[in-house]
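I opened this structure to look up a few things and write them down as I went. The entries below follow the order in which I looked.

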Amino acid sequence: MVTIKEKDFVELEYTGESEEGVFDTTDQALAEKEDLPKYNAVYGPVTICIGEGHILKGLEKELVGKETGKDYEIKLEAENAFGKKRTELFKLIPMSAFKKQNVKPMPGLQVNIDNIVGTIKTVSGGRVYVDFNHYLAGKDVTYKVKINKVLTKTEDKVKALLTLMMGNKSDYKLKDNKCTINLDVEVSKEMKDRAAKKLKDLTGVKEVKFNVKKTPKKDE
């Protein structure tokens with residue numbers, strides 16, 4: 001058994017529940033049973049770096065000091081989970097905003113206004129009352145967590161971190177403690193600098209380079 005500490009790369013499985021039932025899980029069978037929204041979800045154990053905000057901060061904090069190979073039930077009060085309800089996130093939206101999107105507003109419907117997701121609470125006359133708080137804001141939650149292991153090898157940490165930052169299709173090579181990341185498209189210097197700093201600080205690689213893949217010309 002290993003005791004978890006800040007900056008550890010930890011592989012874990014979890015299920016999150018509120019008073020209304022399961023809202024998140026790494027267990028595909030359970031997700032299908034509960035009919036959870038897929039959103040291109042990838043199931044199975046996940047690896048996160050403790051303290052980097054890859055999961056709820058309240059849950060991260062509770063994992064510090066726990067041991068690998070054990071199952072835990074962790075209860076989080078609302079303020080340590082998805083936060084308390086904030087009154088400033090309740091908005092009155094004119095009916096015209098919904099007509100532009102060909103949406104018929106009704107209580108309980110989730111809507112996207114200016115790339116912010118909200119839930120319609122009431123519809124009255126020409127205005128719609130929308131709650132833009134997270135749908136679990138104000139609710140206590142419980143996580144059932146199984147901590148499988150702590151990753152110690154540099155290559156495992158690099159793979160895990162790049163998966164978190166770039167997705168499962170991250171393309172990279174690691175050799176002699178140097179990491180070369182192959183990009184499909186060019187990204188900003190700020191993004192590159194941020195990714196390189198994270199890799200150096202958290203995995204121990206000494207050098208990070210970026211290559212943009214060349215797209216073959218039609219006549220090639």
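Entry one: a threonine.
I started at Thr 203, which is buried, with a relative accessible area of 5%. I kept in mind that the model is predicted. A residue counts as buried under 20%, so the 5% of Thr 203 puts it in that class. I then looked up where Thr 203 sits, and found it in helix α5, which covers residues 189-203.

Next I asked which residues Thr 203 touches, leaving out those up to four places away in sequence. I noted Phe 9, Thr 154, Lys 157, Val 158, Leu 161 and Lys 198.

I also checked the polar atoms of the Thr 203 side chain. One of them lies 2.5 Å from the backbone oxygen of Leu 199. The side chain of Thr 203 also reaches the backbone nitrogen of Val 205, at 3.4 Å.

For a distance across the model, I took Thr 203 and Val 22. They are 181 residues apart in sequence, and their C-alpha atoms are 33 Å apart in space.

Entry two: a pocket.
I moved on to the second largest pocket and wrote down its volume, about 420 Å³. Three elements give two or more residues to its lining: α4 (154-166), β11 (178-183) and α5. Which of the elements gives the most to this lining? I found that α5 does, with five residues.

I counted 19 residues in the lining of the second largest pocket. Those that lie nearest its centre are Met 165, Met 166, Leu 183, Val 187 and Met 191. I sorted the lining by residue class and got 10 nonpolar, two polar and seven charged.

Entry three: the cysteines.
I wanted to know how many disulfides a search of the whole structure finds. I wrote down zero. As a reminder to myself, a disulfide is a covalent bond between the sulfur atoms of two cysteines.

Why does Cys 49 have no such bond? The closest cysteine sulfur to that of Cys 49 is in Cys 179, and it is 15 Å away, which is too far for a bond. The cut-off for a disulfide is within 2.5 Å. I repeated the check from the other side: for the sulfur of Cys 179, the closest cysteine sulfur is in Cys 49, again at 15 Å and too far for a bond.

Last, I looked up whether these cysteines are buried or exposed. Cys 49 is buried, with a relative accessible area of 0%. Cys 179 also counts as buried, at 1% relative accessibility.

Key
Residues are numbered from 1 along each chain as its sequence is written. This is a predicted model: local features need pLDDT of at least 70, side-chain atom pairs count only at pLDDT 80 or more; totals for chains, interfaces and linings use all residues. Side-chain values use heavy atoms; hydrogens and water are left out. Buried means under 20% relative accessible area, exposed over 50%, partly exposed in between (1.4 Å probe, protein chains only). Helices (H or I, at least four residues) and strands (E, at least two) are DSSP runs, numbered from the N terminus. Contact means heavy atoms within 4.5 Å. A polar contact is a pair of N or O atoms within 3.5 Å; within protein, one must be able to donate a hydrogen and the other to accept it, and residues adjacent in sequence count only if both atoms are side-chain atoms. On a 1 Å grid over the protein atoms alone, a cavity is a set of points where a 1.4 Å probe fits but cannot get out, and a pocket is an open set with protein on both sides within 12 Å along at least five of seven lines; lining residues have an atom within 4 Å of a point. Grid points are joined across faces, edges and corners, and a volume is the space filled by probe spheres set on the points. Ala, Val, Leu, Ile, Met, Phe, Trp, Tyr, Cys and Pro count as nonpolar, Asp, Glu, Lys and Arg as charged, and the others, Gly among them, as polar.
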